[in-house]
Amino acid sequence: MVQEALQRAVLLCIDDNQDVLDCERAFLETFGYTVLTALSGRKGLELASVHPVDVVIVDYVMPEMNGQEFAIKMKRLRPQAPIIMLSAALDVPKEALNLVDAFIAKDHLSSQLLPMIAQLHQDVLASPPLGYDA
Amino acid sequence: MTSLEKPTAHKVLLVDGDNAVREMMTATLEHKGFEVVAAANVSEALRFIYYTEFRRAHH
């Protein structure tokens, strides 16, 4: 049951590199996820405002709006959606890392992305909805 | 699943300089049943081809 819910999850991938985006989509769809893609933070926010999104995967280095600026806006729009930040560089500022739920170096993407998505989405499924007072 | 979706006998030589792209493509193709040899550049790819052809010629 949980496995089915995990694989029905909708992922939003944002990266300014079309090749990386295409690979992320092919990779994640192969493992049963529904994938939305955007080439910029602005387009990602537009998609997130009209589609339900379970987990967000965003590159840090992007023109116009970087991953940190995107994460601030995304947390306001959909605070319950975990954000995984990616970067080819390892010197991502602490302020950016504090905003997101996980960080993956792009070199370790194929080995770390699937378990990280599953873990974060499972945490969301297990937690009470926002505004719920137990 | 049809045989087109599970082409276990096919080997793919994948050449891409971007680690993230190469690793995700490798994982995707392997999951679909392909055998993948990944090379980070043309020289690596050519070395693999020469080595494979050399072995074929001498067996």
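**Exercise 1. State which elements chain B has and in what order they run.**

Step 1. Count the elements: chain B holds two helices and two strands. Helices are DSSP runs of H or I with at least four residues, strands are runs of E with at least two, and both are numbered from the N terminus.
Step 2. Read the order from the N terminus: β-α-β-α.
Step 3. Turn to burial: 14% of the 59 residues of chain B count as buried. A residue is buried if 20 or more other C-beta atoms lie within 10 Å of its own, exposed if 12 or fewer, and partly exposed in between, with C-beta atoms placed from the backbone.
Step 4. Look at sequence separation: of the contacts in chain B with a separation of 6 or more, 50% come from residues 24 or more positions apart. A contact needs C-beta atoms, placed from the backbone, within 7 Å.

A note on the model and its labels. The model is predicted: local features need pLDDT of at least 70, side-chain atom pairs count only at pLDDT 80 or more, and totals for chains, interfaces and linings use all residues. Residues are numbered from 1 along each chain as its sequence is written, while chains are lettered from A and ligands numbered from 1 in the order in which they are written.

**Exercise 2. Describe chain A in the terms used for chain B in Exercise 1.**

Step 1. Chain A comes to six helices and five strands.
Step 2. Their order from the N terminus is α-β-α-β-α-β-α-β-α-β-α.
Step 3. Chain A has 134 residues, and 36% of them count as buried.
Step 4. Among its contacts between residues at least 6 apart in sequence, 61% join residues at least 24 apart.

**Exercise 3. Work out the strand order of the sheet in chain A and find its edges.**

Step 1. The sheet is open, has five strands in the order 2-1-3-4-5, and pairs in parallel. Strands pair if DSSP finds at least two bridges between them.
Step 2. Strand 2 (34–38) and strand 5 of chain A are at the edges; each has a single partner strand, so one side of each lacks a neighbour in the sheet.
Step 3. From one strand to the next, the twist averages 20 degrees.
Step 4. Check one pair: strand 1 (residues 10–14) and strand 3 (residues 55–59) of chain A run parallel, joined by four bridges. Here L11(A) has V55(A) as its bridge partner.
Step 5. Add a helix: helix 3 (residues 41–50) of chain A packs on the sheet and touches strand 1, strand 2 and strand 3.

**Exercise 4. Find how helix 3 and helix 4 of chain A are oriented to each other.**

Step 1. The axes of helix 3 and helix 4 (residues 67–77) of chain A come within 10 Å and cross at roughly 10 degrees. Axes are lines fitted to C-alpha atoms, for helices over the stretch in contact, and angles run from 0 to 180 degrees between N-to-C directions.
Step 2. The two helices of chain A are therefore roughly parallel. Angles under 35 degrees count as roughly parallel, over 145 as roughly antiparallel, 65 to 115 as roughly perpendicular and the rest as oblique.
Step 3. Residues in this contact include L45(A) of helix 3 and F70(A) of helix 4.

**Exercise 5. Identify what chain A brings to its contact with chain B.**

Step 1. The contact involves 11 residues of chain A and 11 residues of chain B.
Step 2. Helix 2 (18–30) and helix 6 (109–126) of chain A each supply at least two residues of the chain A side.
Step 3. Helix 2 of chain A gives the most, with seven residues.

Note on methods:
Two residues are in contact if their C-beta atoms, placed from the backbone, lie within 7 Å.
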